[in-house]
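Trainee: Could you take me through the salt bridges of this structure, with a close look at which residues pair and how exposed each partner is? I am new to it, so a connected account would help.

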Amino acid sequence: MYKIRSMRRNGFPSSSVASSIGVTCAAAIALAPALPATAATAKGAARPAPAVASAAVPGSTQSLPLTPLTRDRALAAAPEQGVYRPEVRHFSLVGVVWDNPDVQLHGSVQVRVRSAATGTWSGWQDVDTHSGDHGADPDTPERTSGHVRGATAPLWVGDSDGVDVRVRADAGDRGPGTTPDPPFSLPSGLTLELVDPGAEPPPAGPEAGRLPVGELSEEATATSAANADLVPLGATEIPELNREDTVRELLDLRGKELTERQRAKPYIGPRPRIITRRGWGADESLRARGFVYTKKVKAAFVHHTATGNNYRCSQAPSVIRSIYRYHVKSMGWRDIGYNFLVDKCGNIYEGRAGGVAKPVLGAHTMGFNSNSVGIAVIGTYSKSKPSSAAVNAVARLTAWKLGLYGMNPRGKTYLKSGGGNLYQKGKNVRLNVISGHRDGFATDCPGRQLYSKLGTARSAAARYQGR
C-alpha cells in the first residue's frame with residue numbers, strides 16, 4: 001500500500017491517498033535476474049538524470065468552467081469565453097478540455113499565469129489547440145469508453161497560483177472583398193484544467209536504482225513486474241547495456257521468434273538507460289487496470305508534447321507526471337498516451353505501462369497505434385530546434401526497441417490504418433520505420449524543426465544497430 005502523505009505548500013494543503021485497486025498480478029512472480037549493470041557507456045549517452053522518486057507523488061487537478069467574456073475583451077466578431085482567477089491552488093500545467101472529442105476547437109487559446117515565486121504575471125502564451133490528432137484509434141475500447149473528452153495540448157507554465165485564460169473562435173473571414181463566413185461556434189463544456197504534479201520526491205534509498213518492494217502498491221507492483229525480464233521489482237531505472245549484453249538479452253527475450261539468420265547476426269542497438277515509471281513518480285492508482293498489447297513493433301512515431309520548452313531537465317519528471325494526469329484525469333485516456341518520453345538532456349523515460357520491451361498499445365497516433373511505438377520529445381519544436389542530445393536519444397531508443405522486433409530504422413514498412421483524417425480505416429499505408437506523427441495524421445506534430453531531424457535519427461539508429 002502507498003503511504004498516506006499530506007503536505008502544505010505556501011498555505012495551500014495538498015493531500016492524496018492512493019487507493020488500492022485490485023490488479024491481476026501474481027504476488028510470487030518469478031523475477032529474472034538483472035543483467036550486469038557494468039556495461040560500457042554508449043557514445044552520446046544522456047546526461048545524468050534528476051533524482052528518482054521513492055514513491056508515487058501526490059498531485060491534483062482543478063477544473064474551472066469557462067464562461068462568456070463581458071470585460072474589456074467582450075464578445076465581438078466571434079464567440080469568446082474565459083476565466084480569470086487571481087488566486088488558486090498551486091499548479092504547473094494548464095489545458096482546456098470540452099465535452100465532445102469529435103468536435104474540433106476552431107480558434108485560439110491564450111493563457112497568462114501568476115508566478116507563485118515572484119507574484120508577477122506572465123505575458124499571454126498560446127496553447128496548441130490541435131490535440132485531437134493524438135489518442136486511441138476509433139472504435140477501440142479506450143476511445144469508446146464514454147470518458148474521453150476533446151482537449152488542447154497541455155502547456156507547462158511552472159509553479160503558479162493565478163490564471164487568466166481566453167478562448168476565441170475563428171471569425172470565419174475569407175479575406176478582403178469576400179462575404180465573410182459566419183464565425184465558428186465554440187465546443188460545449190469548455191473547462192480550464194490546472195494540474196499540480198505534486199511535490200518533488202526525496203531521492204532514492206541507499207540501493208541505487210531500486211526501492212524497497214514493501215513500499216509498492218498492488219498497481220505499482222504490476223507495473224514494475226512488467227519489466228521483470230530486465231530489472232528486479234521496484235527498479236527506478238533500467239540501466240544501459242553494451243552491445244554484447246543486449247544481444248544476449250534479445251536472444252533470451254525473443255530468441256524463439258527469431259529466424260536462424262537473425263539469431264546468427266542480430267541487428268540491435270545497445271539498450272539505453274531508461275527511467276521507469278517508478279523513477280519519475282507515476283501514481284499508478286490513476287491509470288486503468290491491466291495492460292493492452294499489440295502483436296509486434298513495426299514502426300516508431302516521433303512526437304513533440306507541445307508543452308513548451310520552458311523547463312529544466314530536473315523538472316522533466318514533474319512535466320511527465322503532469323502530462324500523465326492530464327491525459328488520464330482530464331482527457332479520459334486509460335494511461336499516458338506515449339510509450340516513451342525524452343527530455344532535452346537526452347534522458348529517456350518509460351511512458352505507458354506494460355513493459356518497455358513489450359509491444360504496448362499506446363494512444364499517440366490516431367489510426368496507427370497498433371504495432372507501433374510512440375516516442376515524444378518533451379517540448380515544442382515548430383520553431384525551436386531540438387537538442388542534439390534529444391535527437392540522439394531518439395536514435396538510441398529506436399535502435400534498441402525496433403531491433404527487438406527485427407526492424408531496420410532506415411527501412412519502410414506497412415501499417416493498416418485504424419481510421420483518421422489522412423488515411424481511411426483499413427488502408428495499408430507504406431511508412432518509414434521511423435516516422436513523424438504527421439506521416440500518419442494531418443498535424444503539425446512533431447513540429448517542423450524536430451521532423452527535419454528524423455533523417456539524422458534514422459541514420460544514427462541504423463549505425464547503433466550495426467548496419
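Mentor: Let us begin with Arg-254, which in this predicted model counts as buried, at 14% relative accessibility. Its salt-bridge partner is Glu-257, and the closest N and O atoms of the two are 2.6 Å apart. Glu-257, by contrast, counts as exposed at 54% relative accessibility, because the cut-off for exposed is over 50% and that for buried is under 20%. Elsewhere, salt bridges with shared partners join Arg-277, Glu-284, Arg-287 and Asp-335 into one network.

In total the structure holds 16 salt bridges, and two further pairs involve strand S10. One of them is formed by Glu-80 and Arg-168, whose closest N and O atoms lie 3.2 Å apart. This pair links distant parts of the chain, since Glu-80 belongs to strand S5 (residues 80–85) and Arg-168 to strand S10 (residues 155–169), 88 residues apart. Glu-80 is buried, with a relative accessible area of 2%, while Arg-168 is partly exposed at 40%.

The other pair is Arg-112 with Asp-164, and here the closest N and O atoms are 3.0 Å apart. Arg-112 lies in strand S7 (residues 107–115) and Asp-164 in strand S10, so this salt bridge ties together parts that are 52 residues apart in sequence. Asp-164 is buried, with a relative accessible area of 2%, whereas Arg-112 is partly exposed, with a relative accessible area of 22%.

Note on methods: Residues are numbered from 1 along each chain as its sequence is written. This is a predicted model: local features need pLDDT of at least 70, side-chain atom pairs count only at pLDDT 80 or more; totals for chains, interfaces and linings use all residues. Side-chain values use heavy atoms; hydrogens and water are left out. A salt bridge is a side-chain nitrogen of Lys or Arg within 4 Å of a carboxyl oxygen of Asp or Glu. Helices (H or I, at least four residues) and strands (E, at least two) are DSSP runs, numbered from the N terminus. Buried means under 20% relative accessible area, exposed over 50%, partly exposed in between (1.4 Å probe, protein chains only).
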